[in-house]
Amino acid sequence: MQRNVAILGATGSIGASALDVIAQHPDRYRVSALTAGRQWEALLELVERFRPPVAALRDPAAAHHLEDAIRKRGLSTRVLCDAEGLRDVATLPEIDTVIAAIVGAAGLEPTLAAARAGKRILLANKETLVLAGEVFMAAVRDSGAVLLPIDSEHNAIFQCLPHDRTRAPAACGVRRILLTASGGPFRDTPVAELESVTPEQACAHPKWRMGRKISVDSATMMNKGLEVIEAHWLFGVAREAIEVVIHPESVVHSLVEYLDGSVLAQLGNPDMRTPIAQALAWPERISSGVAPLELARIGSLNFFAPDLARFPCLDVAYDALSAGGTAPAILNAANEVAVGAFLERKIGFLDIARACQATMRRLPATPISSLADALDADREARAVARELLNLEQSQQLPA
Ligand code: NAD
Ligand code: MG
């Protein structure tokens, strides 16, 4: 059976890796829809190459340019726009698989729409679970959607967990989940120098080529904090049973520890095409184009406990998970505002953690029972973070 795939966030780093795997298996996968934020020229290139029946841009002006260019080239791709257009793409009846690879909170609404429509969802957008984990997981359960994580750590855990998904991991003898983290580009930088590091240094990840936002999150280790929350919702594992371990080689992508002392790990070269291919083909296996892992060449693998003084964002994320309700959404919003400001050189690197902590202190957590609760918390926390960082209040869309 050929699967019809939609990629939300097709022009990004995950989008490129997904299209690379898909292009290797034209007999199995058809690109049925591609979306982006406002990068219409990059999306046009992909439309020319993959000829999807539908394309969508979040930004209406950019969608207009794309539509024009598509018409001039005599292509038949239908162009949708705005938040509604993205939701429509995620729920098109002819699409069975949705790759959720938009960056940030902007990914929540279309990903949730895909869940409600019962799609097979390959989830990269961890922010969906951070903002509205309970609402999203309930939608997946109620609609019978199939949720497959492609964040590399969660994909590793998925592969190491028992096959029986009807029971909670603890009921199947799982004691702990161990999330590995590379430690990012500043693992060994003297803490005193962190105040003045640049966006270029923060984005120069030693092991992974990724979008700028997640690269900065890796440098602060907020990424790992968000992943702890992501793991909690995806697998139904308590905060106390999720641990983070630094592993600079990024070869062991995460581990699951069982009551009997067994620890299962998934290993591979650090290349997102492996988890994407695993999830695309699940429960089968397909090739991904990733080079085989040569353990003898790597030689040794190292593991360390994270230094929380160096990486306060990790601690803040654990606190947000303990506080529950809107706390993770508040944290995520503050982080997105602060990372955006850091990338624009308006604030320093250490201000990111400070802004997150200050926003969390300012806004008490309240329960989340709907999408609207999550979006309200997101909006309010963005305004507070902007105020705390002396930034203008703006509604600008990211790229
Ligand atoms: P990226 O910045 O490279 O790409 C983001 C994509 O989202 C682009 O197509 C962009 O046009 C689109 N987009 C941005 N703002 C939007 C908006 N407001 N509305 C609609 N679309 C918008 O990001 P990435 O590195 O590919 O990461 C995507 C997601 O995957 C993130 O949630 C990230 O945490 C997660 N992830 C990425 C990696 C990786 O290796 N890059 C690994 C694990 C998880
Ligand atoms: Mg990850």
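**View 1. V256 and its bridge partner in the predicted model.** Let us start with a single pair of residues: V256 has L264 of strand β11 as its bridge partner. This is a predicted model. Around the pair, strand β10 (residues 252-258) and β11 run antiparallel, and 5 bridges hold the two together.

**View 2. The open sheet around β10 and β11.** Stepping back a little, we find 4 strands in an open sheet, ordered β9-β8-β10-β11, with mixed pairing. At the edges sit β9 (242-246) and β11 (263-267), each of which pairs on one side only. The average turn between neighbouring strands of this sheet is 20°, direction ignored.

**View 3. Where domain 1 meets domain 2.** The domain assignment divides the protein into domain 1 (3-149), domain 2 (158-271) and domain 3 (312-391). Between the C-alpha centres of domain 1 and domain 2 there are 25 Å. Here 12 residues of domain 1 make contact with 14 residues of domain 2. About 1200 Å² is buried between these two domains, with 73% of that area on carbon and sulfur atoms.

**View 4. Polar links between domain 1 and domain 2.** Have a look at E227 and K126, whose side chains form a salt bridge with an N to O distance of 2.8 Å. Between domain 1 and domain 2, the salt bridges number 2, and 4 residue pairs are in polar contact, both residues being at pLDDT 80 or more. On the side of domain 1 that touches domain 2, the elements giving two or more residues are α6 (127-143) and β7 (146-149). Helix α6 provides the largest share of that side, with 6 residues.

Conventions. Residues are numbered from 1 along each chain as its sequence is written. Chains are lettered from A and ligands numbered from 1 in the order in which they are written. This is a predicted model: local features need pLDDT of at least 70, side-chain atom pairs count only at pLDDT 80 or more; totals for chains, interfaces and linings use all residues. Side-chain values use heavy atoms; hydrogens and water are left out. Two strands pair if DSSP finds at least two bridges between them. Axes are lines fitted to C-alpha atoms, for helices over the stretch in contact, and angles run from 0 to 180 degrees between N-to-C directions. Domain bounds come from an automatic or database domain assignment. Contact means heavy atoms within 4.5 Å. Buried area is the accessible area (1.4 Å probe) that two parts lose on being put together, summed over both. A salt bridge is a side-chain nitrogen of Lys or Arg within 4 Å of a carboxyl oxygen of Asp or Glu. A polar contact is a pair of N or O atoms within 3.5 Å; within protein, one must be able to donate a hydrogen and the other to accept it, and residues adjacent in sequence count only if both atoms are side-chain atoms.
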